[in-house]
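This report describes the architecture of a two-chain model, beginning with the packing of helices on strands and ending with points of backbone geometry.

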Amino acid sequence: MLLTRKSVELLAPVGTWEVLEVAIAAGADAVYLGGKRFNMRMHRTDTNFDDKMLKQAIEYAHAHNVKLYITINNLLSDREIEPMRDYLTYLETIQPDALLVQDLAVLELVKELHITIPLHTSVMMNTHNEHAIHKLKEYGITRIVVGREMTLPQLSLFRERTGIEVEYFMHGDMCISQSGQCYHSGILFGQSGNRGRCLKPCRWAFKLIDEDTKEVLDENGPGPYKLALKDMCMYRNIPELIQAGVHSFKIEGRMRTAAFVERIVKTYRKAIDSYIADPAGYVTNEADWQDLYENRSRDFSTCFALGKPDASAIGFTGEREPRFFSQAVKEASIDSMVTMKDTKQAITIADTYKPKLSVRVADMASLKSACENGASVVYVGGEAFKPHKTWTLDDIKEALIITKKYNAKLIITTPRATMERECSELEQLFTALNKIKPDGVMVSNMGSLNLAKKFTSLPIQTDFSFNTFNHLAAKLLKDNGSVMATTSLEATYTQIKELLSTSQLPIEIIVHGSIEAMLLDHNLPAMSLDYNPLENPDMCNKHFALLDTANEIHPIRIDQYGRNHILFAKDLCLLPYLANLAGAASYRIEAQHYTPELVSILTKTYREELDKLTTDFQTYQYDKTIAEKIAKVSPRELGVGAFRYRISR
Amino acid sequence: MFHIGILQLTQNLDDAVRGFKQGLKELAVEADFHYFNADGNVSELPKLAQKLADLKVDLIFACSTPAAKAAGNLVVDIPVLFTPVFDPISVNLVDSLELPGGKLTGMSGMVNAEDKVNFIQELLPNAKKLGMLYYTEDSNSLIEANNFRNAVSDKFTLSELTIKCKEDISLLAETLPQDIDALFLPIGRIIEENFASIAYYADAIDVPIITSHAPNVVLGSLGALVANHVTLGKACAKQAHQILVEGKDVKTISVGITDKPEILLNAFVADNLGIEIPDSLLAKATEVYE
């Protein structure tokens, strides 16, 4: 198809009125900005627009023939649903050109309120496969901001297979973790990266160590800032970007100054126009590149656009970090939970209340341990963390015999990130499972949910990675075939209680286990130690870890797809708070990083506590020494995760 | 039409720039601006200052001490207005506040230490022992720590803690005294930027933080007494008018200091810590964050 001026949209970030004027004058086709309410840049209230200014901004943009998108990409607690209704109703009256959304609840509200504004999904929705796009289209999504881990050929595929308009972050500050799947700031500081308050633990200094021996491995390495991704810059690859079919070229930086935004918009505007006018005759304007480069913040990288990035994408020395937002801190220990103001509020449970106890395990021996000690559900499959093996169909058949013997259920889990390879594998897996007939499957993203619905008639559960915080998001999942949702790992006690009392969908809470802070498509040890993981498969079986400046050790686990999972230094343990959390349909132990012996102890302990609790709720008393006993046999210290906070913000 | 260069260290100082521009507008000083922001990178500042000199600007508005130093070090004689520089004398920008004596003057960002001590007394009437945490490699922090130490005299017992690099903040769990009634943070970028980690540890022992940096109040400090950056920027605009329009000599224009510091309070933090903020302070506060 021939290129026209309309083939490409240059999309600029706007934080203040000054930036709005400058970005438009510099040649942006569209701008995006946030209101004072619900958006991803909550740190600096002065960089957001109030309701009146939003309306004026839309009028100003339209008078200049520029589109204006409003970001409402934030996760919502149940208490925020009503204010969101008001906000959407207001936005409908001022008619921006699109809304950028993250929380599934907004999709429900838009339907309910008959909002006519087009919808774009935020990068925080972590859209990374066509099956998710098909589902989102059913909800009226007209454009997706794709995950940052997408390469240009993948974007072309999306467009061809779904017809969706693609928006791509092509310049600016990037996350190293998969979008929407980083819980580090949210759980540690109670200020969530998924809610625009990220305190950027990815910019801390770390040492790479051998987790078992604690030996420091990178004394002669490239530097301590191992997660400090360089800034994305696609200026030298404008032709590739346009030819891949990317429609909207997104510039990051709603907190940036007018001068910063102006330079980037002007430079890209010139290049895009010049390419479209004469593609075959186009060459990079070296003077403009030089200007862009000299005025850069961090060094530049093309990140995933042209293929999986190596160590050159990381600014190991930290020299060009513009600023830091936090330093490493000791994670909250098991007795550091916030005072529960409503503990005296009577919790009543029905006589028939029999919650399930589920355990996620890595191997057959652990599965047996869980079954023998009273697990009602066992999860297997999904990511296999090396040196653990993946679950074959034969393994699943064998597991099913064991779970049946113990009258437990077997649920097959699926990976959190499912790109083309994993999706194709899932089609095959689901089809095979229809014959093996386990008790259900668990999916981790909108695409795998859609696939499961299509390829299997087994009951489907949705995992924590859906970031479920509120009853409307749960309703959407239920409408799409989920029989149980898992709460977000960032949800605090108060938020979980609200969800339990409002959700029509049964809820599972993760109460114990190793919790993941970040999910990366990069290979951290290989980048620091400079080896090729394909030529050194043994290195993937080693247990590496990151040591932060608070002397906390974060294990790195590598899965069968080569993705790196960074764990928190402390394992979650909510055993002392089980009674306060009564009302959930199921309580889960994430035991895939534990030995079969520990799985036995944990399953037995939680089973006993749940039995005591349901037998006589009124007289139930938690005995502090139980968690102390668990702590003694755990591989890591125990902590309370997000439960340190009253509210996750 | 004047040509004015703006040299800014970080986006934290946007308010000062905004105030400066607003002030010029109000005074009907017509100017076009050449704007450079080092985005936190101090070592970039001399290069950016030189660019402004090459553009032959009539005046440079320098935000932060390092920016003022970079503009002051230029060989050419371009007048420099700075803010918020905490103590322009000790960093050799001016001879004295009354008579700067060179090509630089501006507005100090300082708030009197006595006022800060009185503010803490009013906010926490039962407090006896204060902690004070500062970064030893920041000259402004050292000056304010010294001023505060003197101002406290016998009003509080002061327990001082220092960090020598930003990573030391990670170890505050071991070094933060358990028995302090509040933690005072003098000005200084390293402390201000990494405030969340300091607040994390102070929260764990239920200690309120009094900061010197306005954005830290939103992020979880109980309160602060600060110079408003917009106001400082506007005051600099007046000085710019004196230089550019009235033709006054820079060396005779006194360095100004805020006479009306603002009170900022965080009610959410107070509630978490079970602290009742006195009504007298709530009434005087410029902003109370919920």
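In what follows, a helix or strand axis is a line fitted to C-alpha atoms, for helices over the stretch in contact, and angles run from 0 to 180 degrees between N-to-C directions. The model is a predicted one. In chain B, helix 2 (residues 45-54) lies across strand 1, strand 2 and strand 3 (59-63), and runs at about 175 degrees to strand 1 of chain B.

**Overall form of chain B**

Chain B contains 12 helices and 13 strands. Its radius of gyration is 20 Å, which agrees with the value near 19 Å that a compact globule of 290 residues would have. The C-alpha trace of chain B spans about 55 × 40 × 30 Å along its principal axes. Of the 290 residues in chain B, 53% are buried. Among contacts in chain B between residues at least 6 apart in sequence, 71% join residues at least 24 apart.

**The parallel sheet and its surroundings**

Strands of a sheet pair through backbone hydrogen bonds, either parallel or antiparallel. In chain B, 6 strands form an open sheet with parallel pairing, in the order 2-1-3-4-5-11. Strand 2 (31-37) and strand 11 (256-257) of chain B are the edge strands, each pairing on one side only. Strand 1 (residues 2-8) of chain B pairs with strand 2 of chain B in the parallel sense over 7 bridges, and Leu7(B) stands opposite Phe36(B) in strand 2.

Helix 3 (residues 65-72) of chain B is mostly covered, with 8 of its 8 residues buried. The buried residues include Thr65(B), Pro66(B) and Lys69(B). Those buried residues of helix 3 of chain B pack against strand 1, helix 2, strand 3, strand 4 (80-85), strand 5 (104-108) and helix 5 (139-152) of chain B.

**Strand 12 and its partners**

Strand 12 (residues 262-266) of chain B is largely enclosed by the rest of the structure, because 4 of its 5 residues are buried. Strand 10 (residues 223-226) of chain B pairs with strand 12 of chain B in the antiparallel sense over 4 bridges; here Ile263(B) in strand 12 is the bridge partner of Leu225(B). Strand 12 of chain B is also joined by 3 bridges to strand 13 (residues 287-289) of chain B, and these two run parallel. In that pairing, Glu287(B) in strand 13 is the bridge partner of Leu264(B).

**Domains and contacts**

The domain assignments of the two chains are set out below.

| Chain | Domain 1 | Domain 2 |
|---|---|---|
| Chain A | residues 9-175 + 229-306 | residues 356-515 + 568-642 |
| Chain B | residues 2-109 + 228-257 | residues 113-226 + 262-289 |

In chain B, the C-alpha centres of domain 1 and domain 2 lie 29 Å apart. Their contact takes 7 residues from domain 1 of chain B and 8 residues from domain 2 of chain B. By class, the side of domain 1 of chain B that touches domain 2 has 2 nonpolar, 4 polar and 1 charged residues.

In chain A, the C-alpha centres of domain 1 and domain 2 lie 35 Å apart, and 20 residues of domain 1 are in contact with 22 residues of domain 2. Helix 4 (104-112) and helix 5 (130-138) of chain A each supply at least two residues of the side of domain 1 that touches domain 2. That side of domain 1 of chain A divides into 9 nonpolar, 6 polar and 5 charged residues.

Between the chains, 23 residues of chain A are in contact with 22 residues of chain B. The side of chain A that touches chain B comprises 12 nonpolar, 7 polar and 4 charged residues.

**Backbone geometry**

Most residues other than glycine have a negative phi, and most peptide bonds are trans. The peptide bond from Lys386(A) to Pro387(A) is cis, with omega near 5 degrees; Pro387(A) is found in the loop between strand 13 (377-381) and helix 12 (393-405) of chain A. A cis peptide bond also joins Thr83(B) and Pro84(B), with omega about -20 degrees, and Pro84(B) lies in strand 4 of chain B.

Asn65(A), which is not a glycine, has a positive phi of about 65 degrees. Asn65(A) is found in the loop between helix 2 (51-63) and strand 3 (67-72) of chain A, and is exposed, with 8 other C-beta atoms within 10 Å. Lys200(A) has a positive phi near 55 degrees and is placed in the loop between helix 7 (184-189) and strand 8 (206-210) of chain A. Lys200(A) counts as buried, because there are 20 C-beta neighbours inside 10 Å.

Definitions and conventions
Residues are numbered from 1 along each chain as its sequence is written. Chains are lettered from A and ligands numbered from 1 in the order in which they are written. This is a predicted model: local features need pLDDT of at least 70, side-chain atom pairs count only at pLDDT 80 or more; totals for chains, interfaces and linings use all residues. The radius of gyration is taken over C-alpha atoms; the globule rule is 2.2 Å times the number of residues to the power 0.38. A residue is buried if 20 or more other C-beta atoms lie within 10 Å of its own, exposed if 12 or fewer, and partly exposed in between; C-beta atoms are placed from the backbone. Two residues are in contact if their C-beta atoms, placed from the backbone, lie within 7 Å. Two strands pair if DSSP finds at least two bridges between them. Domain bounds come from an automatic or database domain assignment. Ala, Val, Leu, Ile, Met, Phe, Trp, Tyr, Cys and Pro count as nonpolar, Asp, Glu, Lys and Arg as charged, and the others, Gly among them, as polar.
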